[in-house]
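Reader: Please take me through the pockets of this protein. I would like a close look at what lines them.

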Amino acid sequence: MYPPLRGFLRRCHEQFAADDSGALADYIPELTRANPAHFGVSLATIDGHVYEVGDSSTPFTIQSISKAFVFALALETLGHERVESVIGVEPSGEAFNSIRLTGDNKPFNPMVNAGAIACSGLIHQHEGDGAFDLIHRTLGRFAGRELDVDEAVFASERATGDRNRAIAWLLRNYSVLGDDVDAVLDVYFRQCAVLVTARDLAVMAATLANSGRNPLTGEQIISPYVVARTLSVMTSSGMYDYAGEWIYRVGIPAKSGVGGGIIAALPAQLGLGTFSPRLDSHGNSVRGLKVCEALSAHFGLHVLNRSDDVRTCIISDYNAAGVSSRRNRQNFELAILQERASDIRVIELVGALSFAAMDYVSRRLDGEGPPGELLILDFRRVPSATTAAARLLAEALAGLAARGVTLIVAGFEKASQLWQAIHAERNILPKLRHFSLLDDAIEWAEDQVIYRYGGFEGLAKTTHLSEQALLAGLCSDEIDHIAAIGLARAFKTGERIIAAGDPAASLFFLQSGMVSVKLRSGARLASISPGMAFGEMALIERERSADVWADTAVQCLELPLSAYASFRKSHPASGELIMRNLAALLARRLVLANAKVDLLSAY
C-alpha cells in the first residue's frame, strides 16, 4: 500500500500522461530534442521525505526556474536595497521575454528575462569571473547535490539568444548593466542550462517552503527574510502572464521554465517539482500545471485558504494542585505546595506559533486567571515560532516580569530555532530561567515555593526511620528492630547506588541527601528526599528496573531482603502493614499520572 499522498500523485500522473496538448519550446533549437512523453512528479516535505512518480529522475535544463533562486542569491549576497535599486517587483502582465522596462527604466521584476539578466549582472559585478560558479554552487545547495550543466543547450542558447542580447543592451543603455554585457549574458545562459530533475526541483522548492533550510541536508541556504521576498515575487510574477490565473486557481508560489519544469513552494508544508516538456501558449508545462491544480484543489492547499483555531496552541493550563514534579516530597513540603498551589502556573504550548496564536496566549496570561508567582511556559511540542510571535511573547513576558512574576521556559534547547527567534528580542526580553525538561522546571518552581514559605529547616535535618512513609504505623520497638537489622550506608555525590538489571536484594531508607531514579537512557523517573525509601520495588520485583544515583552526599539505611524476611516472620502484622503502605505510595503515583493525562485530555 502506498501512502495516500503518493497514491494521489500516481493517479495524477496516470490521468495527465494522456494529455498530448502543447508543444516543445523551439526558440532554443536544442530544446526541441526533448522527449515529449517524459513526465515526472516529485513532492518533498519540510521534514525531508520525498515522493517520486514517473520520470522524476530524468535530467532537463532548469531554464527560467533558476531566476527565483538567483534572485534569492542576489538578495542574500548584496542586500535588498542594492537589488531593489535596479529591479522592480511588479507584475509585467507580458510575456517572459518582453523587451520592455518600467517608467523609471528598470526591469518589472526578477522573474522576466530582463530582471533575471539584471540579477545575473549584479552577481557578476560582485563576483567577477566567479559569478557563475557561485550561482552553480548555490543551485546545488538548494537541490542538496552537485548539479551538472548541459553544454549543448548552453551553446544553443548562446548562439540564438539575440532577443536576450537586445534586452541586455537595453539594460546597458540605462546603466542597469555595466560594460561587460557579453560576460553577463554568458552567466545567464549558463545558469539556464543547469541540469535538474523533478526530484531536485521538489527539494529546492521545499527549501524555500522550509524558511531557507534544505530539509534533506539541514543546511540553511538563505535567510527567512529572503525567502519571504522570493516567494512574494514568485506569487505575483512566477508564471508570467498567467500569474493572475495561477494564484486564483492554484494559490501556491511557483515558477516555471521552458525546459518543462515547474516548482511550487507552499510555506511550512511542501515543495513540488514537475517535469513535462510540452508547453502551453504562456510557456508553462501543460501536465505540470494540471498536477499543481489537482493537488491544490484536492487537498485545499491554496495559500489563502486557512482556518486555523488559535485556541489549539495551548494543550494544558494548570497549577500545582494535583500535578507535581517527579521529585518525591516530604509531608511538610507537600503541605506547603498544596496550600500554595496557585503560586505555580504551567502552560504547555503546541504547534508552530504564529502571530495570532501568541496573541491568544498573551491574552490568556493577562486576563484569564492570575499568572501566579512563578509562570512556566513549556515549548517541547512547539517546533518553531514566527518573528511576530516571538516579539509578542517577549513583550508579554516583559509585562509579567514588571508585575513581579518569576518567568521559566522549558522544553527546548538553546540551539533551537525557537530559542533563536525568542532570543532575537533580547532588547525587550526579561530574564528567563531556562530548563530543557518541563519536569526540571516544575521541580525548581516547587523548591522556590517551599523555600519562600518555610521549607529550609525541614530540608536541612536528618530524618529518623519513624518519619518514613513506608514504615508509617509501626511502633517504636518495630522501627528499632528494623534499624538494628539494617546496614548504615554512605554514598558520595555522583555515585551510583543501584544499577538497572542487578538483582533486587534490598531496599533503602534515605536519611539525608538527595537521590534520583533514572532509566539507562538518563531520563529521570523520580527524585527522592530524606524521609523516603528507594529501591522499595524489591518487595515485589526480582530485578532492578532503573538506576539510582546520589545527587548529593547521601546517608541511608540499607535493609537486605533476607533480613526483612526474618522480620516479617517475627512481625507478620507489621510486614502486612508495610506492604499496605507500599500499595498506598504506588496508588498516589498513579493518581498523579492520571491527573496529567486528564489535563491533556481536557484540551
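Author: What follows is a look at two pockets and their linings. This is a predicted model, in which local features need pLDDT of at least 70 and side-chain atom pairs count only at pLDDT 80 or more, while totals for linings use all residues. Residues are numbered from 1 along each chain, and side-chain values use heavy atoms, without hydrogens or water.

Terms come before the pockets. On a 1 Å grid over the protein atoms alone, a pocket is an open set of points where a 1.4 Å probe fits, with protein on both sides within 12 Å along at least five of seven lines; lining residues have an atom within 4 Å of a point. A volume is the space filled by probe spheres set on the points, which are joined across faces, edges and corners.

The largest pocket has a volume of about 1600 Å³. Its lining holds 42 residues; Ser 211, Ala 268, Ala 352, Ser 384 and Thr 386 lie nearest the centre. Helices H9, H10, H14 and H16 each give two or more residues to this lining. (Helices are DSSP runs of H or I, at least four residues; strands are runs of E, at least two; both are numbered from the N terminus.) H10 has the largest share, six residues.

Now the second largest pocket. It holds about 1100 Å³ of space. Of its 45 lining residues, Asn 328, Ala 526, Ile 528, Glu 536 and Arg 589 are closest to the centre. Strands S9, S18 and S19 each supply at least two residues, as do helices H13 and H21. H21 gives the most, with seven residues.
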